[in-house]
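Visitor: I'm new here. Could you show me the model and let me quiz you on the words you use for it?

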Amino acid sequence: MDQHQIVVSRSPGDGGRVRTGALLKRSGSIMTVRWDEDGREEDVRISPDATFVVPGTLRHQAFVDLDGLKDRLETEPSAVYVQAVREYGPALTALELKAKLAELRVDQATLDKAWRRAQAKLKDHEQVEFRRGKYRWRKPRPDQPGAAEPQPAPAEAQAASPPAPGAATNTGSPSPFLKPSPAPATPPEPTTPPKATTPPKAAAPPQVTAPIEAATTEAAAPAETTPEPEEPPTWQDAFAAALEDAPLADEALYTRSPLATAVRLDRLNDAAIERLLASIREDDRPAALARLAATPRNAAPVTAGMADADPAVLAAVMAASAGELRTRPTDPALGPAAVRLLERLTARAVPDESLPALIRLAAAVTEEVGKDALDVLDRVAKAVGERLAAMPEQQRESIDLDAVSRMVAGLPFTPQGARATVLATVGRAWPQRITEEIWWRGATLTALAQAAAGPLGSVTSRPDVARKVLAPLAEEELPKVTSRVRLAGLLGLPTEFVRHLPPTGVASAFRRIAAEDPIVAAWLPLLAQNERVARLQEELEQAQAELRQANERPNPQQERPDTA
């Protein structure tokens, strides 16, 4: 376990009190920590209020004392950006530097203002190299003056005031980041005797006491040299190395084209993927796992690590993948990668805020991928239908219903299938849209009658669905009936479906089938005779009615008055 990592925990219900402790081990999202304040060991789940950090980093200070970090951007902006170059390197543009700090919950206005003041000093810093629009951290040469002294970035980044109240530190280690303060670095010194005659030197806070000449070279060297070899690469750099794209890698391409990137990474075997993940900076691994989720092969390290994948990055990957499928529909390798991504997503709970991205991706997969993906799509659509059913009405406003309709348009109608589940939900939540053609695309009367045994029955029983969906389907299917078995199947459907079969269409179907089927041909004269009898009966009844009307009319001669 990296001894330079600590656990920081913030208590929302205790005035924001912060505890720190040694990170003993980590398994997935569970951290085992020994708290500095009482030595107690316990397991803590990674959350917005508990995480692990490297002491002294910007991420550490942002978690413990965000206001202090903002104050530093106001009072010493160049020091903060120098520290960012060193921590987030190896090569970052100005936009990327500000994006890294924005991830720490610093507002953009503060970052832009600080950047305008820091830019000139950053380019002139002796350990910052500016080349081709990117800032790089330059390690000092061993023979360079001051190479064994503290690096400028941390020295500048650490002002000289104690950590935030309640922010305990690792056992035996002072808080490695400090709030900026106008006070001098060692305020007690003016009231103490000169250093040469002052024995109680330990009274000064160790974190602000620079390693002066009196310190032994042996003691100072490890403290100054250990941080540099322990700086692992970011996920972008690790991907570039694995794909042999360095040093001219277009790192933005990995974000814009996650499916194509995953297809390229798929050439790595399980051992190589494990080495890749192990080499990446610890706080970058959740993002790396999210971007590996689309590798088409069923790589064990990726599947096992999905629980640790960053949900926000997964949502970004889903959204970018949907766009990638639309812009590169002829690339046959992207479809399997998207299907594998969906498959891995169904194995974990997708947050409600990521549901729109999941729907758009599934809709894009439906459009671009053949029947091999139907099983995965059915599981995704089933989960979406159940989530939509339980979702509050206000939250449903963010759902792209057109994408939902495209997602299920290619799925079969079965009693407990995903398409029936989604349509039942749409019938309740969006009743005005349930009769749109795309929801029923590819349906047959028989398939709908079978699916109506499940949740779809609440939809097929609606009058508007019967009039706009079932009746047109019946009129469309009857002319295509050419066998006695098929006609018998239609006539054997439930009443709510059979009532929409037009009588003239049924009679025509009998005559059409009789031309090829001798059994039906033998029935036809009897059916036709009955039809003639029925017509005669109708004509007789009409004649009788006319006779009754004639008898009821008065006779003019009988009504003439007698003139005699």
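Visitor: What makes you call helix 3 mostly covered?

Guide: Bear in mind that this is a predicted model. In helix 3, eleven of the twelve residues are buried. Among them are P77, Y81, R86 and Y88. Buried stands for a relative accessible area under 20%.

Visitor: How do you know that the span of helix 3 agrees with what it should be?

Guide: Helix 3 covers residues 77–88, and at 1.5 Å a residue its twelve residues should span 16 Å. Its end C-alpha atoms are 16 Å apart, so the two values agree.

Visitor: Why is A299 called buried?

Guide: Its relative accessible area is 0%, and the cut-off is under 20%, so A299 counts as buried. You'll find A299 in the loop between helix 12 and helix 13. Leaving out residues up to four places away in sequence, A299 touches D270, I273 and R344.

Visitor: Why is helix 15 called oblique to helix 17?

Guide: The axes of helix 15 (residues 334–346) and helix 17 (residues 374–390) cross at roughly 40 degrees, coming within 10 Å. Angles under 35 degrees would count as roughly parallel, and 65 to 115 as roughly perpendicular. Roughly 40 degrees fits neither, so helix 15 is oblique to helix 17.

Visitor: Which residues make that contact?

Guide: Helix 15 brings V339, L342, E343 and T346, while helix 17 brings V376, L377, R379 and V380. By class, that gives five nonpolar, one polar and two charged residues.

Note on methods: Residues numbered from 1 in each chain as written. Predicted model: local features only at pLDDT ≥ 70, side-chain atom pairs only at ≥ 80, totals over all residues. Heavy atoms only, no water. Axes fitted to C-alpha atoms, helices over the stretch in contact; angles between N-to-C directions. Helix = DSSP H or I, 4+ residues; strand = E, 2+ residues; numbered from the N terminus. Parallel < 35°, antiparallel > 145°, perpendicular 65-115°, else oblique. Contact = heavy atoms within 4.5 Å. Nonpolar A, V, L, I, M, F, W, Y, C, P; charged D, E, K, R; others polar. Expected span 1.5 Å × (residues − 1). Buried < 20%, exposed > 50% of the residue type's maximum accessible area, 1.4 Å probe, protein only.
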